[in-house]
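This report looks at charged side-chain pairs, nonpolar packing and unusual backbone angles in a single protein chain. The sequence and the model are shown first, and the discussion follows.

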Amino acid sequence: LMWGDHDEFIGTYSKVDVIVAADVIYEDHHVDLLMSTAAAILKDKDGAFRDNAMMILAYARRQIPLDRVLEAIETNGLTYTIVEGDLEPIIKITQGN
């Protein structure tokens with residue numbers, strides 16, 4: 001799966017309930033691609049977020065500030081809860097409000 005190029009993946013796997021990602025953000029442009037892909041995968045075929053669909057992201061601090069990641073989550077219509085940790089948190093990402 002190439003972030004940002006997710007149409008074929010969604011066509012094959014249309015009902016993903018949970019995305020698990022750990023230590024996957026290495027460069028700034030990865031942030032928007034990852035979150036736009038996650039948002040697309042967590043939606044149904046009509047473009048509405050599926051109930052109970054979520055992403056669990058284990059954020060590893062590198063060159064990308066946590067605030068940048070949290071902003072991208074919200075920009076893509078998602079919401080987040082920091083489940084555990086401060087500097088390198090585990091983040092639960094779900095549909096926006």
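## A shared arginine

In this predicted model, Asp-28 and Arg-68 form a salt bridge in which the closest N and O atoms are 2.8 Å apart. The pair links distant parts of the chain, since Asp-28 belongs to helix H2 and Arg-68 to helix H3, with their positions 40 residues apart in the sequence. The two partners differ in their surroundings: Asp-28 is partly exposed, with a relative accessible area of 40%, whereas Arg-68 is buried at 18%, a value that falls under the 20% limit used for that class.

Arg-68 also forms a salt bridge with Asp-32, and here too the closest N and O atoms are 2.8 Å apart. Asp-32 lies in helix H2 and Arg-68 in helix H3, so this pair ties together parts of the chain that are 36 residues apart in sequence. Asp-32 is partly exposed, its relative accessible area being 37%. Through the partner that these salt bridges share, Asp-28, Asp-32 and Arg-68 are joined into one network.

## A bridge between loops

How many salt bridges does a search of the whole structure find? The search finds three, and one of them is formed by the side chains of Asp-23 and Arg-62, with an N to O distance of 2.7 Å. Asp-23 sits in the loop between strand S1 (18–22) and helix H2 (28–41), while Arg-62 sits in the loop between strand S2 (54–58) and helix H3 (66–75), so the pair ties together parts that are 39 residues apart in sequence. Asp-23 is partly exposed, with a relative accessible area of 29%, and Arg-62 likewise counts as partly exposed, at 39% relative accessibility.

## The nonpolar core

The largest nonpolar core has 25 residues, and those with the most contacts inside it are Leu-57 and Val-69. The elements that give two or more residues to this core are S1, H2, S2, H3 and strand S4 (90–95), and among the contributors H2 gives the most, with six residues.

Which residues does Val-69 touch, when those up to four places away in sequence are not counted? The residues in question are Ile-25, Val-31, Met-35, Leu-57, Tyr-59 and Ile-64. Leu-57 therefore appears in this list of contacts of Val-69, and it is also named with Val-69 as having the most contacts inside the largest nonpolar core.

## Positive phi angles

Most residues other than glycine have a negative phi. Against that background, Asp-23 has a phi near 50 degrees, a positive value in a residue other than glycine. This is the residue that meets Arg-62 in a salt bridge, and its place is in the loop between S1 and H2.

Asn-52 likewise has a positive phi, of about 70 degrees, although it is not a glycine. Asn-52 is found in the loop between H2 and S2. Are these two loop residues buried, partly exposed or exposed? Asp-23 counts as partly exposed, at 29% relative accessibility, whereas Asn-52 is exposed, with a relative accessible area of 67%, which lies over the 50% limit for that class.

Key: Residues numbered from 1 in each chain as written. Predicted model: local features only at pLDDT ≥ 70, side-chain atom pairs only at ≥ 80, totals over all residues. Heavy atoms only, no water. Salt bridge = Lys/Arg side-chain N within 4 Å of Asp/Glu carboxyl O. Helix = DSSP H or I, 4+ residues; strand = E, 2+ residues; numbered from the N terminus. Buried < 20%, exposed > 50% of the residue type's maximum accessible area, 1.4 Å probe, protein only. Core = buried A, V, L, I, M, F, W, Y, C linked by side-chain atoms within 4.5 Å. Contact = heavy atoms within 4.5 Å.
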